[in-house]
Amino acid sequence: MSPTSVLLFLLQLCCLQMMLVSMPTCKLPGKMVRQTHDLLDDMGLRLPTQCYQLSSDIHLPDSVLSDASTKHSKCRWTSLVVYECLREANLIFTEYDVPEGEGGLTWSQQKLEYYQNLQDRLVEEYQCLNTTEASAVLSPFFRNVTAVVEQQDGSACGWEILRSDLLQVLKWALHNHHGCFNWTRAH
Ligand SMILES: *[C@@H]1O[C@H](CO)[C@@H](O)[C@H](O)[C@H]1NC(C)=O
Ligand SMILES: *[C@@H]1O[C@H](CO)[C@@H](O)[C@H](O)[C@H]1NC(C)=O
Ligand SMILES: *[C@@H]1O[C@H](CO)[C@@H](O)[C@H](O)[C@H]1NC(C)=O
């Protein structure tokens, strides 16, 4: 090999290395995700009985929590689903006010605030590569939830269903795919 081609080869290696380093790994921080789970769980009670009917109509598509149906690796799909759920939920939290007072929610204000801060940070700091596919699978659910949240009356059930299904996704991810998260502590 001529010196020039050796140099070119080294240059290519170097480029490849840089690309790998700068590519987001999409490994979500386990501790933060567990905190969002715990806060959601603690901020209120179980799904109220008056929301049961609606929640049987509005539900996560089966393919979301199944591992077999995708061409992605398990961990990749888990990260994409968790990220996309938090992103879509964040849009709803940003756009609409949680109903308070009579007929409203009885969630702990402080836990809700902590939760929203964490959700914001995760969405902001861990932008995964390409959530197009996860988004396509999840968007009918979020469209339905948004339609209920938008209503004057009964929007509380929309919020309760959002919380309950988010919890389901986070539980599934943390229990079944614990190793897909980054559990390394920052120094
Ligand atoms: C969305 O709502 C429609 C109409 O109620 C229902 O047929 C559909 O199954 C719902 N989809 C999801 C994913 O919740
Ligand atoms: C993301 O993935 C979808 C389908 O999987 C593809 O059509 C789209 O071009 C991708 N977007 C980017 C920015 O790579
Ligand atoms: C995991 O988290 C640690 C601490 O925040 C960070 O230094 C490391 O780069 C992360 N690893 C991956 C694969 O994202």
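**Exercise 1. The overall fold**

What pattern does the protein chain follow when read along the sequence?

Solution. Keep in mind from the start that this is a predicted model.
- Step 1: Go through the elements in order, and the pattern comes out as α-α-α-α-α-α-α.
- Step 2: Count by type, which gives 7 helices and 0 strands in the protein chain.
- Step 3: Turn to burial: of the 187 residues in the protein chain, 27% are buried.
- Step 4: Look at the contacts with a separation of 6 or more; 87% of them join residues 24 or more positions apart.

**Exercise 2. The nonpolar core**

Find the largest nonpolar core and work out which helix gives the most to it.

Solution.
- Step 1: The largest nonpolar core has 37 residues. Those with the most contacts inside it are Leu28, Val81, Val82, Cys85, Val145, Leu166 and Val169.
- Step 2: At least two residues of this core come from each of helix 2, helix 4 (74-95), helix 5 (109-125), helix 6 and helix 7.
- Step 3: Helix 7 gives the most, with 9 residues.
- Step 4: Zoom in on valine 169, setting aside residues up to four places away in sequence: valine 169 touches Val81, Val82 and Cys85.

**Exercise 3. Two helices that cross**

Describe how helix 2 (residues 30-43) meets helix 7 (residues 155-176).

Solution.
- Step 1: The axes of the two helices come within 10 Å and cross at roughly 140°.
- Step 2: The handedness of this crossing is left-handed.
- Step 3: On the helix 2 side, the contact is made by Val33, Arg34, Thr36, His37, Leu40 and Asp41. Helix 7 answers with Arg163, Leu166, Leu167, Leu170, Lys171 and Leu174.
- Step 4: Sort the residues of this contact by character, and you get 6 nonpolar, 2 polar and 4 charged.

**Exercise 4. Around the ligand**

Which residues are around ligand 1, and which helix supplies the largest share of the shell?

Solution.
- Step 1: Around ligand 1 you will find Asp57, Ile58, His59, Pro61, Pro140, Phe141 and Asn144.
- Step 2: Helix 6 (residues 132-150) supplies the largest share of this shell, 3 residues.
- Step 3: By character, the shell divides into 4 nonpolar, 2 polar and 1 charged.
- Step 4: Pick out asparagine 144, which sits in helix 6. Asparagine 144 has 16 other C-beta atoms within 10 Å, so it is partly exposed.
- Step 5: Compare its place with that of aspartate 57: the two residues are 87 apart in sequence, and their C-alpha atoms are 9.1 Å apart in space.

**Exercise 5. Two residues in loops**

Locate leucine 60 and proline 29, then say what each one touches.

Solution.
- Step 1: Leucine 60 lies in the loop between helix 3 (52-57) and helix 4.
- Step 2: Leucine 60 counts as partly exposed because it has 19 C-beta neighbours inside 10 Å; a buried residue needs 20 or more.
- Step 3: Leaving aside neighbours within four places in sequence, leucine 60 is in contact with Leu65, Phe141, Asp165 and Gln168. Leucine 60 and aspartate 165 are 105 residues apart in sequence, yet 7.1 Å apart from C-alpha to C-alpha.
- Step 4: Now move to proline 29, found in the loop between helix 1 (3-22) and helix 2. With 18 other C-beta atoms within 10 Å, proline 29 is partly exposed.
- Step 5: Beyond its neighbours within four places in sequence, proline 29 is in contact with Phe181 and Asn182. The C-alpha atoms of proline 29 and alanine 186 are separated by 9.9 Å, with their positions 157 residues apart along the chain.

**Exercise 6. A residue in helix 5**

Is leucine 118 buried or partly exposed, and what does leucine 118 touch?

Solution.
- Step 1: Find leucine 118 in helix 5.
- Step 2: Leucine 118 has 17 C-beta neighbours inside 10 Å, and therefore counts as partly exposed.
- Step 3: Not counting residues up to four places away in sequence, leucine 118 touches Met32, Gln35 and Thr36.
- Step 4: Take glutamine 35 from that list: 83 residues away along the chain, its C-alpha atom is 8.1 Å from that of leucine 118.

Conventions
Residues are numbered from 1 along each chain as its sequence is written. Chains are lettered from A and ligands numbered from 1 in the order in which they are written. This is a predicted model: local features need pLDDT of at least 70, side-chain atom pairs count only at pLDDT 80 or more; totals for chains, interfaces and linings use all residues. Axes are lines fitted to C-alpha atoms, for helices over the stretch in contact, and angles run from 0 to 180 degrees between N-to-C directions. Helices (H or I, at least four residues) and strands (E, at least two) are DSSP runs, numbered from the N terminus. A crossing is left-handed if the near helix is turned anticlockwise from the far one by less than a right angle, and right-handed if clockwise. Two residues are in contact if their C-beta atoms, placed from the backbone, lie within 7 Å. Ala, Val, Leu, Ile, Met, Phe, Trp, Tyr, Cys and Pro count as nonpolar, Asp, Glu, Lys and Arg as charged, and the others, Gly among them, as polar. A residue is near a molecule or strand if its C-beta atom, placed from the backbone, lies within 6 Å of it. A nonpolar core is a set of buried Ala, Val, Leu, Ile, Met, Phe, Trp, Tyr and Cys residues joined through C-beta atoms within 7 Å. A residue is buried if 20 or more other C-beta atoms lie within 10 Å of its own, exposed if 12 or fewer, and partly exposed in between; C-beta atoms are placed from the backbone.
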